[in-house]
Amino acid sequence: MKIKLSLFNLCLLAYLVPTLQGFSQIQRKTAVSIIDEKFYINGKPTYENKVWSNSDGKEYSIDGLLFNARMVQGIFDDLNEKTKGQWAYPDTREWDPDRNTDEFIQAMPAWKAHGLKGFTLNLQGGCPFGYCNDFPWDNSAFNPDGTLRNSFMERTARILDSADDLEMVVILGLFYFGEDQNLTDDNAVRNAVKHAINWVLDKGYTNVIIEINNECSVAAYDHEILKCERVHELIHLAKSIQREGRSLYVSTSLAGGHVPTDNIVAASDFILIHGNGVQDQKRITEISEEIRRKNVYSPKPLVNNEDDIPWRNPDQGWEEKGNNFVASVQSYTGWGFFDFRLPEENELYNQGYQSIPVNWQLSSERKRDFFELLAKITGYEGTPKLELKFSKEIGKSIGVEIDKAVTDLVVQRFELIINNKVVAAFSEIPKNIPTNTLEKEFLPSTHWVKVRLLYSLKGQKITVESPYYKNPWWPYGG
C-alpha cells in the first residue's frame with residue numbers, strides 16, 4: 001500500500017519533522033513555513049482562503065500574505081551614558097528598557113486582534129527619531145567581537161516567546177546602519193550572524209525569519225559585507241547553519257523604492273521591499289512586477305516591511321484605495337507600517353512606533369488608521385477605542401468614552417493610571433471616574449493620565465489603553 005502525499009504535505013513534513021526531532025524538549029506553538037509565494041503558520045496559509053473585496057467590487061486574495069508592522073525598538077537600550085538620558089519616559093522621567101519590553105508585549109494581542117500576523121524586531125534597533133544622520137547612542141545586541149549581550153537577548157526572548165504564544169511571525173533584523181560600526185570588522189559581522197542564528201535555533205524558535213540588515217543600499221554602512229554587493233554572503237551563511245536539518249528563512253532589505261539586486265533575489269527565501277519615498281502607489285505595484293520578471297526569481301513571498309508614505313503623503317491617506325498599502329495588496333505583496341514622531345511631534349508621546357520612548361498601544365490617530373484598514377482588509381474585528389473627557393471643574397471627574405462594543409467582550413479589569421501608577425481599578429467600564437482624591441496627590445505637578453482596559457475575547461486576553469493625556473486640567477502642570 002502506498003501513501004500519496006501532495007507537494008504541500010511533503011514540504012510541510014520536511015519542515016516540521018526536524019523541528020519535532022531536534023527540539024523535543026522545547027515545546028513551541030508556532031511554526032512558520034514558506035511554499036512558493038505564500039507564508040504558512042502551522043501548516044495553513046496566513047489569512048487562509050480570505051479575499052479582500054474593496055468598494056469598487058474588485059477582489060484580491062490575501063491568502064498567504066504577511067501583513068506586518070515595524071516595531072524594531074522592542075528591546076531598545078542605550079549603553080552610552082552620555083546619550084541615554086534623552087530617552088526618559090515623560091511620566092517617570094527615567095528610561096527603563098524592561099518597561100519598554102513589558103509594554104511591547106502587553107500591546108501585542110491588540111495588534112493581532114486587527115489581523116497583524118507579523119512584525120519586524122531588530123537586534124540593533126533603528127533610528128530613535130525615524131531618520132538620523134548621527135548615531136552616538138549604543139543600542140546593539142552585539143559586543144564588538146560579534147558575541148551576544150545577554151540583557152538584550154533576554155528581552156528578545158520574552159518578545160519571541162509572546163509571539164510564539166500568539167501565533168505571530170517575527171522578522172528578526174540583525175544589523176542597522178549607524179550601529180554596525182560597533183562591530184570591529186567583517187569577521188565580527190560574520191561572528192554576529194553565527195551567534196544570532198545559533199541562538200534562535202538553540203532556543204527552538206520556529207516563528208522567526210531573518211532580515212540580515214536594514215537597507216543594505218544605504219551608504220552609511222561601515223562594513224563592506226553588509227552592502228548590497230556582498231550581503232548575499234551573509235544570507236548564505238545564515239541559511240547554512242542548521243539544527244537536525246532545519247535552518248531559518250533569510251533575506252535582507254534595500255532602501256525605499258529600490259528593487260533588490262539579482263544576487264539578493266537569488267539568495268533570499270523571501271523578498272523584502274521598502275516603500276519609503278514612493279509617492280505614487282502605482283510604483284509599488286511596478287516594483288513587485290519587476291522582481292517577479294527577473295531571470296533569477298523563482299516563486300517566493302514578497303513582503304514590504306517598511307513604509308511610511310500613506311501617512312506622510314497627504315494625497316494618499318488611509319482610504320481603501322490610492323495608497324501604498326492597498327497597492328501592495330493589489331500586487332499580492334505583504335505590507336508593513338512604519339511610524340515615528342516627526343520633529344514637530346517630538347513632545348507627543350502618543351505618536352510613533354520607532355521613536356523612543358514608545359507608546360506601543362494604538363494611541364494615535366494614524367496608528368488606529370493603519371490598524372482599522374488592516375482589520376477591514378483581513379476581516380478581523382479589531383479592538384475598542386477608548387477616550388477620556390475631563391470635567392471643566394478641575395479634578396472633579398473623568399468621563400470614559402468607548403467607540404464600540406466588541407461582541408462577546410468579557411471585562412477582566414479597568415484601571416485608571418496616573419504617572420505610571422494604578423490609582424483606581426474597576427470590574428466594569430465606568431462612564432465616569434470620580435477623582436476627588438487626585439488633586440492633592442497628583443495635580444499640583446506635571447501629570448499624565450490614561451485608562452487601561454483588560455478583557456478577554458474568544459479565549460484571548462487583550463489590553464487596550466486610551467491615549468496618555470498630559471496635564472489635562474489646566475492650570476496645573478505646564
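**Pockets and strand pairing in the predicted model**

The lining of the second largest pocket is made up of 5 nonpolar, 2 polar and 3 charged residues. The structure described here is a predicted model, and this pocket makes a convenient place to start. Its volume comes to about 270 Å³. The residues that line the second largest pocket are Pro109, Lys112, Ala113, Tyr380, Glu381, Gly382, Leu457, Lys458, Gln460 and Ile462. Two elements, α2 (97–113) and β20 (460–465), each give two or more residues to this lining. Of these, α2 provides the largest share, with 3 residues.

The largest pocket, for its part, has a volume of about 360 Å³. A total of 18 residues line the largest pocket, and those that lie nearest its centre are Arg341, Asn346, Glu347, Ile356 and Pro357. By residue class, the lining of the largest pocket splits into 11 nonpolar, 4 polar and 3 charged residues. In general terms, such empty space comes to light when a probe the size of a water molecule is rolled over the atoms.

Attention now turns to the strands. Strand β1 (residues 32–35) is covered on both faces. Val32 and Ile34 lie on one side of β1, Ser33 and Ile35 lie on the other, and all of them are buried. The partner of β1 is strand β2 (residues 38–41), with 4 bridges joining the two in an antiparallel arrangement. Within this pair, Ile35 is found opposite Lys38 in β2. Together β1 and β2 make a hairpin, with 2 residues between the strands. One residue of the turn, Asp36, has a positive phi of about 55°.

A further set of strands builds an open sheet. Here 3 strands follow the order β14-β15-β18, and their pairing is antiparallel. The edges of the sheet are taken by β14 (386–390) and β18 (432–434); each has a single partner strand, so one side of each is left without a neighbour in the sheet. From one strand to the next, the twist averages 25°. Strand β15 (residues 397–402) pairs with β18 over 3 bridges, again in the antiparallel sense. In this pairing, Ile398 stands opposite Ile433 of β18. As a general point, strands of a sheet pair through backbone hydrogen bonds, in either a parallel or an antiparallel manner.

Key: Residues are numbered from 1 along each chain as its sequence is written. This is a predicted model: local features need pLDDT of at least 70, side-chain atom pairs count only at pLDDT 80 or more; totals for chains, interfaces and linings use all residues. Side-chain values use heavy atoms; hydrogens and water are left out. On a 1 Å grid over the protein atoms alone, a cavity is a set of points where a 1.4 Å probe fits but cannot get out, and a pocket is an open set with protein on both sides within 12 Å along at least five of seven lines; lining residues have an atom within 4 Å of a point. Grid points are joined across faces, edges and corners, and a volume is the space filled by probe spheres set on the points. Ala, Val, Leu, Ile, Met, Phe, Trp, Tyr, Cys and Pro count as nonpolar, Asp, Glu, Lys and Arg as charged, and the others, Gly among them, as polar. Buried means under 20% relative accessible area, exposed over 50%, partly exposed in between (1.4 Å probe, protein chains only). Two strands pair if DSSP finds at least two bridges between them. Axes are lines fitted to C-alpha atoms, for helices over the stretch in contact, and angles run from 0 to 180 degrees between N-to-C directions.
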